[in-house]
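Reader: I'm new to reading protein models, and I'd like a close look at one part instead of a quick tour. Could you pick a spot where aromatic rings come together, walk me through it slowly, and then show me what else is worth a look?

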Amino acid sequence: ANSLDDIGSNNWVVSGSRTQDGYPMMINDPHRAQAVPSLRYWVHLVGPGWNVIGGGEPEIPGVSIGHNGVGAWGLTVFRTDGEDLYVYETNPENPNQYRYDDYWEEMRTIEETIPVKEADPAVVKLRYTRHGPVVFEDSVNHLAYAVRPAWMEIGGAPYLASLRMDQAKTWEEFREASDYSNIPGENMVWADRNGNVGWQAVGIAPIRRNFSGMVPVPGNGRYEWDGYLPIKAKPNEFNPSRGYIETSNSNYTPPDYPYMDAIGYTWTDPYRWARATEVLESGRKLNMMDMIRLQHDYLSIPARTIVPLLVGLSATDTQVEHARRRLLDWDYVLDKNSVEAGIYVAFERELLDDIQEIKIPASARDHLRIGMKRMVDFLLAPDGDFGDDVIHGRDNFLLNALTDGIKELREKLGPDMEDWIYGQSDYKHALIRHPLSPAVDALTRERLDVGPLPRGGNGFTVGNTGSANNQVSGASFRIFVDTRDWDNTLGMNTPGQVGDPDSPLYDNLFELWANDKLFPAFYSRDKIESVAFERLDLQPED
């Protein structure tokens, strides 16, 4: 199953002051579901006013991530709280009416007929309040619940602002284009050949004057939105003195930002951001190889924080003790060929499961979950939930989780520790299943599915491969732009560019992707012509 640590993306821009060639770079790898055919599509659009290369989703116009020979841009999710749940008192005499401003107001009703295979059509009634669709009706207590979604506003077509971004020639033009980007909420970053780097958060954000949006509110008119925050008023930055901007879905919002109730309070765990920042802050002059290594980086900051807590402990089980000592000699890299990585991930998963039992009441465990950052905080500063002797209790908690993790590895991978290599088909791997896979015979399924191949990393590494054994999320599309030479752009798009399983381009990129390799994404006409695979001319009929 996916969890919050699977969700997100990485992007960063580095100014020329931190690069070896003195020009800015833009790096991006959005993390979404792994899919075949591929979720995103590389394209080079050339026409009057257009010369843009990069990626987007095939059904959406424009290039949402790429460059136009002047500037380069990328995105990561900037979670914006664009929904509220309203609770209404309904009329006991007429459940289609709800109280608003001391009056009974009529719900709008739409009746739909839904065909059902081998059964009579189903007739459903969809009800709407002034705020949005009714999602639940409590006839016993005379209540109704509706969702008010900002994304239903006119002009909210996803990524449509890419059409403007694709033609931006300056940071100011790019920011102006971003002002039209209502959906989705994103961290847009920019780097141009003139030496500028910038960040602008986008996404429609309702202004809540008298409530936070954190809990449901009455729908009687006391809690209304006061319009929308201008997108340019969302967090942004331009040419910071530190010489880089790195977002990666972490909380990059200034502490004194005045509109938190508009944008919300939900961020991912900070570990991908922290690791990338650690490398970008190294003081070295960076080049493209550094960027490639960083985007595929599998060093786990949670491992680097948790494993030293095992120092001085001792397990009674000989194999568990051997595993503890191996972890203490490990480099914290979740390499696909590493036994230690296999041991650690089993240990980490047990820790995340066990902390729920200590910190969350049983009645709430189906709805709440402690994330990695909070768990690490609890381990570093243990409290009474670990027992009267908090250090002793914390140490036993760690050893018990390690013991349970080793037990799981023995059962799944056998008794020999040398067989507990992380990247394997019985452990961390990538198998991309086609949407039709469950509906076809085995032979057809083999043609449609792609993989498996071994993988490293997890949901807390810059190279985000998610929390599941089978990588079902993470980066499928990658882009690296050096503004000094647009022909130095590199990319990836797994498993391929074509949706026909009989085409050689259906899955030709999968092995390269699984082994953290890239392809050149040439921009100049001569370079493109030199590597052309095929040419298709479409001519209108006379």
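Author: Here is a walk through one group of aromatic residues, followed by some helices and a few unusual spots in the backbone.

Keep in mind from the start that this is a predicted model.

Let's begin with the rings. A pair of aromatic rings is described by the distance of the centres and the angle of the planes. Counted with a cut-off of 6.5 Å between ring centres, the model has 21 aromatic pairs. Take W73 and F174: their ring centres sit 6.2 Å apart and their planes make an angle of 35°, so this pair is called tilted. In the sequence these two are far from being neighbours. W73 belongs to strand β6, residues 71-77, while F174 belongs to helix α2, residues 171-178, and the pair links distant parts of the chain, 101 residues apart.

Now, are these residues buried or exposed? W73 has 0% relative accessibility, so it counts as buried. F174 is at 0% as well and therefore also counts as buried.

W73 has another partner to look at. With W190 it forms an aromatic pair whose centres are 6.4 Å apart and whose planes differ by 10°, and this one is stacked. Try finding W190 in strand β14, residues 186-192; since W73 is in β6, the pair ties together parts of the chain that are 117 residues apart in sequence. W190 has 0% relative accessibility, so W190 counts as buried too. Zoom out a little and you'll see how these pairs fit into a group: W73, W171, F174, W190 and F238 make up one aromatic cluster.

Just past the cluster member F238 there's a backbone detail. N239 sits in the loop between β19 (236-238) and β20. Its phi is near 45°, which is a positive value in a residue other than glycine. With 33% relative accessibility, N239 counts as partly exposed, because that falls between the 20% and 50% cut-offs.

D101 gives you another case of this kind: it isn't a glycine, yet its phi is positive, at about 55°. Look for D101 in the loop between β8 (94-100) and β9 (103-106).

Next, follow the chain to some helices. In α4 (271-280), 7 of the 10 residues are buried, so α4 is largely enclosed by the rest of the structure. The buried ones are Y271, R272, R275, A276, T277, V279 and L280. What do they pack against? Their partners are strands β1, β2 and β20 (244-246), along with helices α5, α6 (301-306) and α9 (372-380).

Helix α5, residues 288-295, is mostly covered as well, with 6 of its 8 residues buried. Those are M288, D290, M291, I292, L294 and Q295. They pack against β1 (8-14), β2 (25-33), α4, β24 (477-482) and β25 (490-493).

Before α4 comes a loop that also deserves a glance. G264 lies in the loop between α3 (260-263) and α4. G264 is buried, because its relative accessible area is 4%. From G264 to D290 is 26 residues along the chain, and their C-alpha atoms are separated by 34 Å.

Further along, there's a place where one helix crosses another. Two packed helices are described by the angle between their axes and the distance between the axes. The axes of α7 (residues 318-328) and α8 (residues 339-359) come within 10 Å of each other and cross at roughly 110°. That angle falls in the range from 65 to 115 degrees, so α7 and α8 are roughly perpendicular to each other. The crossing of α7 past α8 is left-handed. On the α7 side the contact is made by A323, R326 and L327, and on the α8 side by V339, E340, I343, Y344 and F347. Sorted by class, the contact has 6 nonpolar residues, 2 charged ones and no polar ones.

Finally, a couple of peptide bonds to check. A cis peptide bond joins G451 and P452, with omega about 5°. P452 is in strand β22, residues 450-454. The peptide bond from T494 to P495 is cis too, with omega near 0°, and P495 lies in the loop between β25 and α12 (510-514).

Note on methods:
Residues numbered from 1 in each chain as written. Predicted model: local features only at pLDDT ≥ 70, side-chain atom pairs only at ≥ 80, totals over all residues. Heavy atoms only, no water. Axes fitted to C-alpha atoms, helices over the stretch in contact; angles between N-to-C directions. Helix = DSSP H or I, 4+ residues; strand = E, 2+ residues; numbered from the N terminus. Parallel < 35°, antiparallel > 145°, perpendicular 65-115°, else oblique. Left-handed = near helix turned anticlockwise from the far one by under 90°. Contact = heavy atoms within 4.5 Å. Nonpolar A, V, L, I, M, F, W, Y, C, P; charged D, E, K, R; others polar. Phe/Tyr/Trp six-rings, centres within 6.5 Å; stacked < 30°, edge-to-face > 60°. Buried < 20%, exposed > 50% of the residue type's maximum accessible area, 1.4 Å probe, protein only.
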